[in-house]
Amino acid sequence: SADSITLAALNNYSIDKAMGNPIEADAIGPEYLSVILTLANPAAESIVYTVIASDIQDCKGNNGKSEIQFGKSVYVAPGEININEILFDPKTNGVEWVELYNRSNKIIDLKELYLCSYDETGMFSEINPVSSQSYLFFPDNYIVLSKDDASIKAQYETNNTRGFINMKDIPSLNNDSDWVIIINTSQTIIDKVHYNSNWHLSLLNDTKGISLERINPNNPSQGENNWHSASESCGFATPSYKNSQYINEGSINELTISPEVFSPDNDGYQDVLAISYSFNIAGLIGNIHIYDSQGALTRSLVRNELLASNGIFFWDGFTDSKTKAGIGIYIIYFEAFNTKGVVKKYKKACTVGGRL
């Protein structure tokens, strides 16, 4: 708990975008874990503000500083929130989850939304409130809905630990196919997906613990052409951040290497070769082999890996036998393919340098 005096001190708060300090701060007892701030001016719709709290002391006299975003929420229209990722067949000790993405420029209160499914008659079933209290969902943000966010964070990497909501219950997600639906308080459908396990990459021997990711939020929700298995390089799921299979419809620079001359001598300058790729096709399988100037295989860097739509691999200048590659020219052979007959092949030259 916080010290009630510092929690209620107006000068301990500042708000950006010319909002200034609040005109009243009401510390909420008896535990003093929160405060209600009264603003001098009304917040504008869908403007994201940041309030900075400084010099707030706890009961032991420790000072703290924190920031939090807030804003005025508005009504959400169909299509403004996407069902963006689905994990319906979790790992052992894992849980099912659904990720939402706010593709609008609005601040949306998730208290107004429900996660549900259809029953056999086509009626809404298993209707569950996303949040029991106000929870602001900001533009271009992601939120994962589940019954146990701790198990998700334990099994997958995420750089957005705040992007999770623990619900009391979520609709059951069958392993073969099922409906995932988001509705508002008036039961208007905001987004819905009837997923199928066949949408997973057919080359995968086992899809347990692998999520289905939406490829582009601007394309229709329904249909396997806009969904794909999450990539191996991301750990087979991307809870609460941008999908590994996301494709930007802008320009694509398919393969680059940098720097073209590198020296793996651990001196902190150009020690590693970066191999960057970006494709307008999701779900390609990749191989990267490195050959010396005589055509001998030096390093098999990547073997049959399910690629993200874009990513980067690094060569540290070492061979498969864990010895440093000799000074000279090497050929990076990058191959990417899928089960639909797409095959992409690239050859790039690089030079391993060093002191003679």
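## Exercises on charged pairs

Lys147 has a relative accessible area of 49% and is therefore partly exposed, where buried means under 20%, exposed over 50%, and partly exposed in between, with a 1.4 Å probe and protein chains only. This is a predicted model, in which local features need pLDDT of at least 70 and side-chain atom pairs count only at pLDDT 80 or more, while totals for chains, interfaces and linings use all residues. Residues are numbered from 1 along each chain as its sequence is written, and side-chain values use heavy atoms, with hydrogens and water left out.

**Exercise 1. Describe the chain as a whole, giving its elements, its box and its buried share.**

Step 1: The chain holds 2 helices and 25 strands, these being DSSP runs (helices H or I with at least four residues, strands E with at least two) numbered from the N terminus.

Step 2: Taken along the principal axes, the box filled by the C-alpha atoms is roughly 75 × 60 × 40 Å.

Step 3: Of the 356 residues in the chain, 45% are buried.

**Exercise 2. Find the salt-bridge partner of Lys147, and state where both residues lie.**

Step 1: Side chains of opposite charge can pair when their charged atoms come close. The rule used here asks for a side-chain nitrogen of Lys or Arg within 4 Å of a carboxyl oxygen of Asp or Glu.

Step 2: Lys147 meets that rule with the side chain of Asp169, at 3.7 Å from N to O. This pair links distant parts of the chain, 22 residues apart, with Lys147 in the loop between strand E12 (142-146) and helix H2 (149-155), and Asp169 in the loop between strand E13 (164-166) and strand E14 (177-184).

Step 3: Asp169 is partly exposed because its relative accessible area is 35%.

**Exercise 3. Decide whether Lys106 and its partner Glu80 are buried or exposed, once their pairing has been located.**

Step 1: The closest N and O atoms of the salt bridge between Lys106 and Glu80 are 3.0 Å apart. Here too the pair links distant parts of the chain, as Lys106 lies in the loop between strand E7 (97-102) and strand E8 (108-109), whereas Glu80 lies in the loop between strand E5 and strand E6 (81-87), 26 residues away.

Step 2: With a relative accessible area of 19%, Lys106 is buried, and Glu80 is likewise buried, at 17%.

**Exercise 4. Examine the pair Asp149 and Lys153, and say how their positions in sequence relate to a turn of the helix.**

Step 1: The side chains of Asp149 and Lys153 form a salt bridge with an N to O distance of 3.0 Å.

Step 2: Both residues belong to helix H2, and their separation of 4 residues is about one turn of the helix.

Step 3: Asp149 counts as buried because its relative accessibility is 16%, whereas Lys153, at 31%, is partly exposed.

**Exercise 5. How many salt bridges are there by this rule, and which residues are linked in a network?**

Step 1: The count comes to 9 salt bridges.

Step 2: The residues linked in a network of salt bridges are Arg299, Asp316 and Asp320.

**Exercise 6. Place Glu31, and state its exposure and its distance from Ala2.**

Step 1: Glu31 sits in the loop between strand E2 (24-28) and strand E3 (34-38).

Step 2: Glu31 is exposed because its relative accessible area is 51%.

Step 3: Although Glu31 and Ala2 are 29 residues apart in sequence, their C-alpha atoms are 7.8 Å apart in space.
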